[in-house]
Amino acid sequence: MIAQRLTGVYLAALSLILLGFADSGLARQDYVYEYKGTSYHYFVESTGDNYTFEFDQNPGQDSGKRRAAMHVFQSVYGDYSIQPMYVDAFMKEGATCYVFDANLYTYRVCFLPNDFSATNPHRFWGFVSRLPNKM
């Protein structure tokens, strides 16, 4: 009888722990990227193997977007070995994607198009992901 109660308590505790881990990956996190005296607020949300981000304000042309993406990489993955210059660029299903190298991983950012955003034509959003590299 005592063993059954202890087993039930352990199972309940394990369920809460696992539920906490599952929820932590899905939670929306808010960040601030500052550049030249301007603060850009954005949020990041886990979407499977990727992290989706959306900024409240567009940081400008491509170079500004790539600088902002570096902040997203560092906020999400905590890797400060990411090289600031991209090594490859490509289009994927309407998104513009850039690839960055680091010590242990290769990182990718894709900026999603605003084709269907009539209310916010300057929207800045996309997703980031990483893969282990050869190094």
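**Exercise 1. Are Cys-97 and Cys-110 buried or exposed? Work out how these two residues are connected, too.**

Solution. Keep in mind that this is a predicted model.

- Step 1: Start with accessibility. Cys-97 and Cys-110 are both buried.
- Step 2: Now look at their sulfur atoms. They sit 2.1 Å apart, S to S, and a disulfide joins the two residues. The cut-off for a disulfide is sulfur atoms within 2.5 Å, so this pair qualifies.
- Step 3: Find where the ends sit. Cys-97 belongs to strand 5 (residues 95-101) and Cys-110 to strand 6 (residues 105-111), and the two cysteines are 13 residues apart.
- Step 4: Get the handedness. The torsion about the S-S bond is about 110°, so the disulfide is right-handed.
- Step 5: Count. The structure holds one disulfide.

**Exercise 2. Walk along the protein chain from the N terminus and write down its elements.**

Solution.

- Step 1: Tally the pieces: there are two helices and seven strands.
- Step 2: Put them in order. The chain reads α-β-β-β-α-β-β-β-β.
- Step 3: Check how much is tucked away. Of the 135 residues, 28% count as buried.
- Step 4: Look at the contacts between residues at least 6 apart in sequence: 38% of them join residues at least 24 apart.

**Exercise 3. In what order do the seven strands line up in the open sheet?**

Solution.

- Step 1: Read across the sheet. The order is 1-2-3-7-6-5-4, and the pairing is antiparallel.
- Step 2: Spot the edges. Strand 1 (29-35) and strand 4 (88-92) each pair on one side only.
- Step 3: Add the twist, which averages 25° from one strand to the next.
- Step 4: Zoom in on one pair. Strand 2 (residues 38-47) and strand 3 (residues 50-55) run antiparallel and are joined by six bridges.
- Step 5: Pick out a bridge. Val-44 has Phe-53 in strand 3 as its bridge partner.

**Exercise 4. Which residues does Arg-66 touch, leaving out those up to four places away in sequence? Decide whether Arg-66 has a salt bridge as well.**

Solution.

- Step 1: Locate the residue. Arg-66 is part of helix 2 (residues 62-77).
- Step 2: List its contacts. With those sequence neighbors left out, Arg-66 touches Tyr-86, Tyr-98, Phe-100 and Phe-111.
- Step 3: Look for an opposite charge. The nearest such side chain is Asp-62, 4.6 Å away.
- Step 4: Apply the cut-off. A salt bridge needs the charged atoms to be within 4 Å. Arg-66 is buried yet has no salt bridge.

Note on methods: Residues numbered from 1 in each chain as written. Predicted model: local features only at pLDDT ≥ 70, side-chain atom pairs only at ≥ 80, totals over all residues. Heavy atoms only, no water. Pairing = 2+ DSSP bridges. Helix = DSSP H or I, 4+ residues; strand = E, 2+ residues; numbered from the N terminus. Axes fitted to C-alpha atoms, helices over the stretch in contact; angles between N-to-C directions. Buried < 20%, exposed > 50% of the residue type's maximum accessible area, 1.4 Å probe, protein only. Lys, Arg positive; Asp, Glu negative; His and termini not counted. Contact = heavy atoms within 4.5 Å.
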